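Reader: I'd like a close look at one part of this model, the helices that pack together toward the end of the chain. Could you walk me through that part, and then through whatever else is worth a look?

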Amino acid sequence: MGRTFETFDELPSQKDNKFLPPLADFKTDFLQRVTVEAQLPYSEFAGNLHKSENDSRKYRLIRLPNGITAMVIHDSTASKACAALDVNVGSLADPPELQGLAHFCEHLLFMGTKKYPKENDYNAYLSAHGGYSNAYTDLEDTCYYFEVTYDALEGALDRFSQFFIDPLFTEDCTDREVRAVDSEHKKNIQSDMWRQYQVEKELSSPDHPFSMFATGNFETLSGAAKEMGIDLRERLLEFHARHYSADIMKLVILGRDSLDQLTEWTVAKFSSIQSKGMTKPLFKGHPLTPNEMGKLIRIQSIRQQRTLDLTFSLPDVKPYYPSKPTRYLGSLVGHEGKGSILSLLKKRGWATSLVSGRSPTSAEGFDMFKVTVNLTEPGIMHYKDVIRMIFAFIQLLLKEKPQKWFQDELRRVGDIEYQFMEKNDAVMLASNLATTMQNRYLPPGELLPDVLVLRDFNEELGKWIQDFLNPNNVRILLASQSFDIPLDCVEKYYEIKYRVDPIPEDLMNDLHGSLFFEELHIPAPNCFIPEDLEVKNKDRAKEPMQAPTLLKLRQGLELWHKQDDRFFLPRGDIRILIETPKAYESPLNSILSQLFVMILRDSLVEVTYDAQVAGLGFDIRECTDGMFIHIDGFNDRLPKLLKILVEALRHHAVDDTQFEVYSRELRKRLDNVRHAEPYSHVQSNTHFLNQAIMWRYTDKLKVLDLVTKERLQSFIDTLFEMTRVQMLVMGNFAEKEALDIADMVIETLDSKALPDYARCISRAILHNPGRYIHQERIPDSGNLNSGVEVSIYTGMSDNKRERVLLDLTSLILQEPFFDQLRTKEQLGYITYSTDRKYDGGHMALRLLVQSESNPAYVSQRIGLFMREFRQRLVELTQEQYDRYANSLRVNREEKLKNLTEETNRFWRQISSGYYEFDKIDCDMKMLKTISKEDLVVYWDKYVNPETAPAHISLAVAIWSTKIFQPDDDDLAQYPEIIVALHGCLRRDGASSLSLADINRFATSIHGDDDSKALEKLIDMYKKSVSDSSAPEVEKTIENIKKQGSYVQTALEMVVKANVSTAARSMPANMAKQPCNGTNGVTSNCSTSPHQHSANGASTMNGTDNSDIKSLIRDLGSLKNIGIIETPDKAWVFKEASTFKATLRQSGVPIPTRPLVPKYN
């Protein structure tokens, strides 16, 4: 690697740079202070922070004696408090021999401190107070942040600060967390984004640390340390001691407490962080030197994609914050209106999108500018012509010189956005601001407005930056699934095939010549920049209305309205659902709707791009009910934009080029779904099995060949013949304006009213009592991971008391579930629990893990956790319960921060059909009636199969093709715990053992303890191989013997459960012994899959047996349609649609209030 420099000024790229401003002054205007209580010293910025005039928060910028710069923020209405600390060191500081060390440090930092040694103390505290934490490692930053209820901030800060003062990095945590880093990397192996990024890094200058592998994995950390004979933990401690210095830390704390109190805590808790001088390493040169430029790189992608990426080397542009020259360049090159590069490419049918701007993969001392184009099939064949068009536009910019009027437009939009800035998520504000504060050129008064505000126009600087966009300073990358020439290189960590060639001579000659396309020109002025910014509602004294007003309700129209009485900004938000049953009545119609929306967006982009630049947002998408439109932003131009959208929706004619491009694009998107992560597949399958109407990507692919241009046009022409419009108009709109907008939509659609009886309202699936598991192979053969999601159904969603009980239970469950399965057992990087309420149907606890382990083992571990968790509820103290209840209350009563949040809340109630606008108040009143004992009663009623009168669970498992999956005969013969142990043995290399071997072994260890059983297992394995002294056999035995190995954990479960009693051939007198179900939850095997109460009366959701006998058929008949009954008395099915067809559907949600419109 290149040598480091002590000061930034020594960087070669910054010497003799006449545009380089001086470093920001953080001494002048800072006055010495002492805290009120402890009388501790600090300094405070006395100048103007230039906060937005609409920002109600109060800010104070301070400096601690150890060099930390901190921003404390008082928000009097905040329900949540938060903090973010950015350390100005990242993966560029990794030692070459231990790549990924900075990322590994980020993982381990949260695992206990000297003051709080318990490894999950921090996360347990946050979880008990309605909070969470996270962190990320970038090239030159590692940012840590958390959120917590406002009244628990001090305790969180005390724990948080200790990570930077005295972390433990215990050996046990170090060994385990390497697996988490490795799991995170393996999660990314099939991601084209990560793959392309790593190839770009590998092909950068080998003398620059940018070329290293930033994520790290087991081999680059534990493996490398073992090979070199060094202690990984010691190197980690050295890394932290060297780089985690107060001097390069920036801190942001936001809370409801006063600025003085926040300052008191900041100074008291963070001044002890050691100051070690400026420890951020800076590296010589640029990752992209002349040796790396002038190259054409071809990369094989996993997904169907055709991407062209042009990368230009730039000097560091962060110092030029007043004019932000790359924002100007990116806005012009990436423009999508008439005369743009993208407009021309679309007319040729060569591209579907283009983005450009400063690359996020930049750091102090170097920058990059990227132009990325998503090509069509013809487009990649004409990639040279695409590049010629891009350079033709760049030549046009150079010829025209920097356009001051265009920069003035950008500045005007930025000024308006900042002046009328909405309050956004506090954690996002804190983490972004902490990172922004690391720009050592940014003066104190520019920290807050920097994201949005442009200060000046520097033509000479702009021209200097533009000049870097030249043919000698570009690297070209093409990504596709296939090329017509062999790819002769393989990247080390992702095994990516690629090829590097010089840019073709003919293309390079053209780029150096004069290029001209008459269709290309500088964009016209933006007609969507708002002019009328007056706020219509002047009355700020009244309390905000808690619900919108129903203005009209008639056949074909439902109109709701609420004028802004909370935020008083010139903004609006309009949601429109155009119900048309034809849109989703079949898989074919659903893809016709999807294709229509894709083409429609393409047709509108030349108009809507300017609207989006001017602060307006829009979305058009197909849904199960029809078509959904959402527009928001400054209200002045919103009706104009909406009229354009609805007219295009109603009167669109498809041209040949659009159809060819987007029918191929649709096929590509549908095909690419198979490359989604396993957790995404299990979520989708779970959703499919709980929603009555849903077409899967496989359903759509089967009928895709039926799509023709003529069929699509006929579909569009008849799609809106009969409609029902459901609309919510919010924000700076008077009542008459809302009525006018509704009239415009109805007149433009020109549809007949859809009768209520013809509406296609989404319904939920109602599952029968029992334990069910859906299994399938992941369609991506290259993915190492499998996934499991267990849903345990916990009552009906319209039960107000039980929905609050579910919220509380889910809140209490989250941190212990993550701590046990993710932190302690390291099952997989993606591990979480949550809940789901299906409108009109069940509620469910959902438990998800993505793992390299086989799904049977994961399911067993989830089940064991759930069995043991009941005792946690029993032992919950009143003090602990009160904390959780308070966290739930604070979460639910969190103040609305902006118009979008308010509109989301109302639209959720309108679209659900419940119209329960007072839901939060109802829930909070119900919460007061609930005790900690009620949680155990609720758990036993639904979750605990030993006591639940009608226990219902559904496990969805996606099996990686890299692991053995039992066939139907295996599932019918062997309990899941046998499959789990067998899978763990195969993972550690013991592939010579069969399921029958493991089942016989389980019978043979009756009465043995864990150590004796392990001894017998290893002996059995040795006998199963031809040469027990072979190195690979010894390695397998070593893996099995490792403390805490998956095999030992599975074996402990086998010993404990004595699974021989659960085998299919068990004697009759053993049939009533407990056994482990598919989701690992113990149940009584003597019953049918739907459970019975003590008096023999089967119940479901609290109803009497007589009510459900007619609803539940003998589940034994499921065998007739290929569904397998396991020895665990669970039902396993492969084809989800076949099983789903046997189930009932819920009714339509019933409104919780009468719907009486203001006008007829």
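Author: Helix 26 and helix 28 pack with their axes 10 Å apart, at an angle of about 170°. That angle is over 145°, so the two count as roughly antiparallel. Keep in mind that this is a predicted model. On the helix 26 side, the residues that meet helix 28 are Tyr881, Ala885, Leu888, Arg889 and Arg892. Their partners in helix 28 are Ile920, Met924 and Leu927. Sorted by class, that contact has 6 nonpolar residues, 2 charged ones and no polar ones.

Now turn to the other partner of helix 28. Helix 24 (residues 800–824) and helix 28 (residues 919–927) have axes that come within 9 Å and cross at roughly 80°. That falls between 65 and 115 degrees, so helix 24 is roughly perpendicular to helix 28. Helix 24 brings Lys800, Arg801, Arg803, Val804 and Leu808 to this contact. Helix 28 answers with Lys919, Cys922, Asp923, Met926 and Leu927. The class count here is 5 nonpolar and 5 charged residues, again with no polar ones. Leu927 turns up in the contact with helix 24 and also in the one with helix 26.

Just before helix 28 there's a spot to click on. Tyrosine 915 sits in the loop between helix 27 (899–912) and helix 28. Its phi is near 55°, a positive value in a residue that isn't glycine. As background, most residues other than glycine have a negative phi. Tyrosine 915 has a relative accessible area of 6%, so it counts as buried.

Next comes helix 29 (residues 932–942). Of its 11 residues, 8 are buried, so the helix is largely enclosed by the rest of the structure. The buried ones are Lys932, Asp934, Leu935, Val936, Tyr938, Trp939, Asp940 and Tyr942. What do they pack against? Two of the helices you've just met, helix 24 and helix 26, are among the partners. Helix 25 (855–875) is there too, along with strand 25 (786–796) and strand 27 (842–851).

How does this line up with the record? UniProt, in an unreviewed entry, lists residues 810–907 as "domain: Coenzyme PQQ synthesis protein F-like C-terminal lobe". That span is 61% helix and 17% strand, and its end C-alpha atoms lie 24 Å apart.

There's also a link from here back to the early part of the chain. Histidine 107 lies in helix 1 (residues 101–108). With a relative accessible area of 8%, histidine 107 is buried. Setting aside its neighbours within four places in sequence, histidine 107 is in contact with Arg822 and Tyr829. It also contacts Glu177, Ala180, Val181 and Glu184.

The middle of the chain has its own entry. The unreviewed UniProt annotation "domain: Peptidase M16 middle/third" covers residues 418–702. Here the end C-alpha atoms lie 49 Å apart, and the span is 36% helix and 18% strand. Proline 525 is in the loop between helix 16 (505–512) and strand 16 (549–554). At 58% relative accessibility, proline 525 counts as exposed. Proline 525 still touches Trp405, Glu409 and Asp610, not counting residues up to four places away in sequence. The C-alpha atoms of proline 525 and glycine 731 are separated by 27 Å, with the two positions 206 residues apart along the chain.

Further along, glutamine 713 is found in helix 22 (residues 709–719). At 18% relative accessibility it falls under the 20% cut-off, so glutamine 713 counts as buried. Residues up to four places away aside, glutamine 713 touches His652, Ala653 and Val654.

If you're wondering about cysteines, the count comes to 0 disulfides. Cysteine 143 is in none, and the nearest cysteine sulfur, that of cysteine 82, is 11 Å away. Cysteine 143 is also buried, with a relative accessible area of 0%. Cysteine 623 is in no disulfide either; for that residue the nearest cysteine sulfur belongs to cysteine 760, 10 Å away.

One last stop is lysine 1129, in the loop between strand 31 (1124–1125) and strand 32 (1131–1133). Lysine 1129 has a positive phi of about 60° although it is not a glycine. At 22% relative accessibility, lysine 1129 counts as partly exposed.

Notes. Residues numbered from 1 in each chain as written. Predicted model: local features only at pLDDT ≥ 70, side-chain atom pairs only at ≥ 80, totals over all residues. Heavy atoms only, no water. UniProt positions renumbered as here; feature names shortened; annotations may be inferred. Helix = DSSP H or I, 4+ residues; strand = E, 2+ residues; numbered from the N terminus. Buried < 20%, exposed > 50% of the residue type's maximum accessible area, 1.4 Å probe, protein only. Contact = heavy atoms within 4.5 Å. Axes fitted to C-alpha atoms, helices over the stretch in contact; angles between N-to-C directions. Parallel < 35°, antiparallel > 145°, perpendicular 65-115°, else oblique. Nonpolar A, V, L, I, M, F, W, Y, C, P; charged D, E, K, R; others polar. Disulfide = S-S within 2.5 Å.
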